[in-house]
Amino acid sequence: MKILNAIIAGVAQGSMIALVSLGYTMVYGILKLINFAHSEVFMMGAFFGLFLTVGFGLDTSPMFAGVAGTLAAMVLAGLLGALVEKVAYAPLRARSGGRSNTNTRITPLVTALGMSVLLQNLAQLLFTARYRSYPQLLPIENARTIVFVVAVVVMIALQFLVYGTWFGKAMRAVSVNVEAARLMGIRTGRVISMTFVTGSMLAALGGILYCLSQSQVYPTMGVVIGTRSFVAAVIGGIGSIPGAVLGGVLIGVIGELTKLTPYSGLQDVIIFTVLIVVLLVRPSGLLGKAGIEKV
Amino acid sequence: MKIEHPNRPAPKAEAGTPLLTVDNLAVSYGGIKALKGISLNVNRGEIVAMIGANGAGKTTTLKTIARLLPISSGKINYDGRDLGPVSAESLVEYGVSLVPEGRGIFPNLTVRENLELGAWNHKSKSVIVETEMEVVRLFPRIGERVKQVAGTLSGGEQQMLAIARALMARPAMLLLDEPSLGIAPRLVADIFEAVARIAEAGTTILLVEQNTRLALKYSRRAYVLRTGEIAMSGNSKDLADNEEIKAAYLGG
């Protein structure tokens with residue numbers, strides 16, 4: 001029974017991680033870039049959620065404040081994600097002029113690390129480094145169910161966005177051949193921006209759901225959860241949307257099961273061990289496409 | 001192929017007058033002068049071929065017209081409008097579509113999704129359905145495979161898909177880059193027959209082709225490119241009988 005409970009909790013926790021993983025995997029799919037700043041967008045999203053939920057009037061109607069605050073925070077985080085892309089990555093792409101060599105891969109990667117540090121420090125400057133408690137909108141036993149249901153609904157919506165809309169088709173086209181996509185008349189810059197917006201909105205939602213069950217917000221929260229989400233995306237097969245979901249759930253369940261043992265402190269050790277084993281057996285991740293990448 | 005574009009008027013140029021004019025076009029990239037001032041024109045309704053050896057600048061010319069490469073000097077004029085400041089993304093709205101060398105299909109998408117993306121510039125449901133029917137009549141093999149993932153098609157089928165996808169935009173002018181490259185001879189004939197039918201229906205075609213014999217057979221006029229310059233031009237029939245062309249490109 002204990003194990004069953006842990007698995008249920010793990011799936012809920014994991015679906016939250018998966019929401020963040022999706023942002024990593026979508027951006028990688030389209031740009032072959034690991035957007036390290038994504039974990040900080042997650043953290044910023046949680047802060048936006050906190051301030052906006054309080055701002056919308058927590059005392060008068062907590063339900064409205066929670067929903068409106070979450071939606072507004074998602075919009076803000078989406079804008080932040082698009083801004084990061086515009087300011088940091090788009091100019092590098094323009095300079096490489098579509099050519100691909102080692103530098104066009106390494107430079108954006110280092111820039112992404114830089115953006116991550118920048119945003120984290122900016123958060124400490126703006127919000128101070130102290131831990132803030134997140135308003136407890138839901139009774140803790142319901143929080144898990146809500147987190148799980150919201151995550152599943154959002155993932156179904158994302159599936160529709162990617163496979164059922166013009167934008168999704170354009171996104172998948174840009175991810176394999178930017179030049180051919182331009183010849184179709186697709187504004188590739190806009191598609192890339194929208195991918196960042198979508199991923200960032202999901203990250204903000206993940207951040208707020210995380211806070212609903214953990215109830216604390218702080219500027220370095222992106223490091224722990226961001227890393228786990230990134231590992232989830234890699235385990236599932238980076239670039240694969242179902243892979244990110246699978247990886248997220250797997251990590252969530254592993255985390256909760258570890259808590260049953262006396263070694264709960266070793267959660268991340270186990271997660272990384274799983275990562276290494278998966279990569280040894282399937283280098284492209286569980287659901288990733290094996291194959292030689294054409295450059 | 002009779003359906004007009006849903007929201008773009010037909011070209012102003014009359015049949016037999018220049019639709020595309022390239023004037024003294026020079027292009028360099030990577031420090032190499034790929035084109036050293038070439039001039040050519042394509043009249044409305046014609047198939048015009050560009051032939052020449054590897055590296056003569058044929059693909060560069062098409063890519064520059066399609067606005068994928070920057071112009072160093074010279075002018076490109078399409079139906080009375082300067083294409084210089086136009087971006088590759090908006091060219092399709094002018095009515096010009098490039099079928100790139102190597103086909104450039106989206107292998108992870110289905111054949112139908114590839115076709116739908118070709119209609120990105122109008123996204124009109126009814127025009128998509130109609131054009132798909134036209135395109136399937138032209139390439140029955142594509143019709144049999146609409147639900148298949150495009151990456152599983154053979155090379156020849158992928159080339160057909162690439163042309164079909166370009167037609168989905170309802171272009172007035174088609175730029176074709178090496179449609180016979182790496183394709184089984186039997187399918188090459190099918191593809192060129194389809195190109196001829198596309199032209200008969202009124203779409204103007206500028207064709208780049210290394211297979212000189214085919215290019216001269218199917219085109220009305222041709223330009224011979226040599227190291228970034230136009231070495232010769234004229235009626236395709238005359239060029240096919242030209243001793244110099246025979247020796248250099250037709251294997252004697």
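Buried means under 20% relative accessible area. The model treated in these exercises is predicted.

**Exercise 1. Follow the salt bridge between A:K169 and B:E116, and decide whether each partner is buried or exposed.**

Step 1. The closest N and O atoms of A:K169 and B:E116 are 2.7 Å apart. Because the cut-off for a salt bridge is 4 Å, the pair qualifies.

Step 2. This pair runs between chains: A:K169 belongs to helix α6 (residues 166-176) of chain A, and B:E116 to helix α3 of chain B.

Step 3. B:E116 has a relative accessible area of 17%, so B:E116 is buried. A:K169, with 9%, is buried as well.

**Exercise 2. Describe the interface between chain B and chain A by its contacts, area and composition.**

Step 1. Start with the contacts: 25 residues of chain B touch 19 residues of chain A.

Step 2. The two chains bury about 2,100 Å² between them, and carbon and sulfur atoms give 65% of that area. On the side of chain B, the residues that lose the most area to chain A are B:E89, B:F106 and B:W120, together 32% of what that side buries.

Step 3. Turn to the polar terms. Five salt bridges cross the interface. One of the side-chain pairings in a salt bridge is A:E179 with B:K63, at 3.7 Å from N to O. Seven residue pairs are in polar contact between the chains.

Step 4. Assign the chain B side to elements. Those giving two or more residues are α2 (88-94) and α3 of chain B. The largest share, five residues, comes from α2(B). By type, the side of chain B that touches chain A holds 13 nonpolar, five polar and seven charged residues.

**Exercise 3. Compare two further salt bridges, each within one chain, by the accessibility of their partners.**

Step 1. In chain A, A:E85 pairs with A:R93, with the closest N and O atoms 2.7 Å apart. A:E85 is buried at 0% relative accessible area, whereas A:R93 is partly exposed at 29%.

Step 2. In chain B, B:E243 pairs with B:K246, where the closest N and O atoms are 3.9 Å apart. The two residues are three apart in helix α10 (residues 243-249) of chain B, so about one helical turn separates them.

Step 3. B:E243 is exposed at 58%, and B:K246 is partly exposed at 27%. Elsewhere, shared partners link B:R141, B:E144, B:R145 and B:E157 into one network of salt bridges.

**Exercise 4. Find where B:R103 and B:T227 lie, and state the sign of phi for each.**

Step 1. B:R103 sits in the loop between β6 (96-99) and α3 (111-118) of chain B. Its phi is near 80°, a positive value in a residue other than glycine. B:R103 counts as buried at 15% relative accessibility.

Step 2. B:T227 sits in the loop between β9 (221-226) and β10 (229-235) of chain B. Its phi, near 40°, is also positive in a residue other than glycine.

Step 3. For context, most residues other than glycine have a negative phi.

**Exercise 5. Judge how compact chain B is for its length.**

Step 1. Chain B contains 10 helices and 10 strands.

Step 2. Its radius of gyration is 17 Å, close to the 18 Å of the globule rule for 252 residues, so chain B is as compact as a globular protein of that length.

Step 3. Of those 252 residues, 56% count as buried.

Methods:
Residues are numbered from 1 along each chain as its sequence is written. Chains are lettered from A and ligands numbered from 1 in the order in which they are written. This is a predicted model: local features need pLDDT of at least 70, side-chain atom pairs count only at pLDDT 80 or more; totals for chains, interfaces and linings use all residues. Side-chain values use heavy atoms; hydrogens and water are left out. Helices (H or I, at least four residues) and strands (E, at least two) are DSSP runs, numbered from the N terminus. Buried means under 20% relative accessible area, exposed over 50%, partly exposed in between (1.4 Å probe, protein chains only). Contact means heavy atoms within 4.5 Å. Buried area is the accessible area (1.4 Å probe) that two parts lose on being put together, summed over both. A polar contact is a pair of N or O atoms within 3.5 Å; within protein, one must be able to donate a hydrogen and the other to accept it, and residues adjacent in sequence count only if both atoms are side-chain atoms. Ala, Val, Leu, Ile, Met, Phe, Trp, Tyr, Cys and Pro count as nonpolar, Asp, Glu, Lys and Arg as charged, and the others, Gly among them, as polar. The radius of gyration is taken over C-alpha atoms; the globule rule is 2.2 Å times the number of residues to the power 0.38.
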